[in-house]
Amino acid sequence: MSIVDIGSLNVGFKRGLSHITALHVEQIQVEPGECFGLIGGSGSGKSTLLRVLAGLQRDWQGSVQLFDQPLAARRAFTGTLRRDVQMVFQDPYASLHPLHRIRRSLREPRQVNGLPFDEASLVASLEQVGLPGDVLERFPHQLSGGQRQRIAIVRALQLRPRLLLLDESTSALDMTVQAEILNLLQALRRDTGTTMILVSHDMNTVAHLCDRALLIKQGRVEQRLDRAALSALAGR
């Protein structure tokens, strides 16, 4: 069973009297446990694809399945899909409530989904990503960018998703912290078997983590890259 199976996908928008195609892709399959990359410049359509898979971009046409379950355009995710698909954004500060302590930000996803909150397990999750348990008492502004991104990853993993979507999740960090987060994601994937889709404009980032990738340009797939091709391009 593929985690993601796209037969055809079109996303467009109106500009005046014209209809502009923002994204058109054919035949994408992402397998369980795989890290799949989407590479492209700003405005290429890679984040649009991720937002469709996250249920955030609902105006689309085509055939998209997650976990063998067909998605319906213009409909919000319901049931287990809301837990099974989680997303980590580029700017974790924007996705963390500035007036809530980290404990509350990490507790709420479990409460909303009717899951018990176990603080001991939460502290263990923080330690797994290199954070001390006392960050639970802090506010987002009291953490560094790298710490906030680690918190965002822990929050996404609270629901034990089957698919983790990463939208430029390291591009705003300095090189040292970026490397730490990439190594963390690699370890989490190895330890949990979580399927990941990574969006980035940086070939080296994708080559570090991904098994396969698509190079997207102006809303269309320009190249399909396997592990060998990714390594070759990153080494240039």
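This text walks through the pockets and salt bridges of a predicted model.

Start with the open space. The largest pocket has a volume of about 670 Å³. Its lining comprises 25 residues, and those closest to the pocket centre are Arg82, Val85, Gln86, Met87 and Leu159. Four elements each supply at least two lining residues: helix H2 (81–84), strand S6 (85–88), helix H4 (102–112) and helix H6 (145–157). By class, this lining holds 14 nonpolar, seven polar and four charged residues.

The second largest pocket holds about 450 Å³ of space. Here 18 residues form the lining, with Arg110, Ser125, Leu157, Gln158 and Arg160 closest to the centre. Helix H5 (119–128), H6 and helix H7 (175–192) each give two or more residues to this lining. H5 provides the largest share, four residues. The class split is nine nonpolar, six polar and three charged. Helix H6 thus appears in both accounts: it supplies at least two residues to the lining of the largest pocket, and two or more to that of the second largest.

Now turn to the charged side chains. The model contains eleven salt bridges. One of them pairs Glu168 with Lys46, with the closest N and O atoms 3.8 Å apart. This pair links distant parts of the chain, 122 residues apart. Glu168 sits in the loop between strand S7 (163–167) and H7, while Lys46 belongs to helix H1 (residues 46–54). Both Glu168 and Lys46 are buried.

A local pair sits in helix H4. Arg104 and Glu108 form a salt bridge, their closest N and O atoms 2.9 Å apart. The two residues are four apart in sequence, about one turn of the helix. Arg104 has a relative accessible area of 37%, so it counts as partly exposed. Glu108 is also partly exposed, because its value is 30%; the partly exposed class runs between 20% and 50%.

Another bridge joins two helices. The side chains of Glu180 and Arg150 meet at 3.0 Å, N to O. Glu180 lies in helix H7 and Arg150 in helix H6, so the bridge ties together parts 30 residues apart in sequence. The two ends fall into separate accessibility classes. Glu180 is partly exposed because its relative accessibility is 38%. Arg150 has a relative accessible area of 12%, so it is buried, as the cut-off for that class is under 20%.

Finally, look at a linked group. Arg103, Glu119 and Glu137 are connected in a network of salt bridges.

How values were computed:
Residues are numbered from 1 along each chain as its sequence is written. This is a predicted model: local features need pLDDT of at least 70, side-chain atom pairs count only at pLDDT 80 or more; totals for chains, interfaces and linings use all residues. Side-chain values use heavy atoms; hydrogens and water are left out. On a 1 Å grid over the protein atoms alone, a cavity is a set of points where a 1.4 Å probe fits but cannot get out, and a pocket is an open set with protein on both sides within 12 Å along at least five of seven lines; lining residues have an atom within 4 Å of a point. Grid points are joined across faces, edges and corners, and a volume is the space filled by probe spheres set on the points. Ala, Val, Leu, Ile, Met, Phe, Trp, Tyr, Cys and Pro count as nonpolar, Asp, Glu, Lys and Arg as charged, and the others, Gly among them, as polar. A salt bridge is a side-chain nitrogen of Lys or Arg within 4 Å of a carboxyl oxygen of Asp or Glu. Buried means under 20% relative accessible area, exposed over 50%, partly exposed in between (1.4 Å probe, protein chains only).
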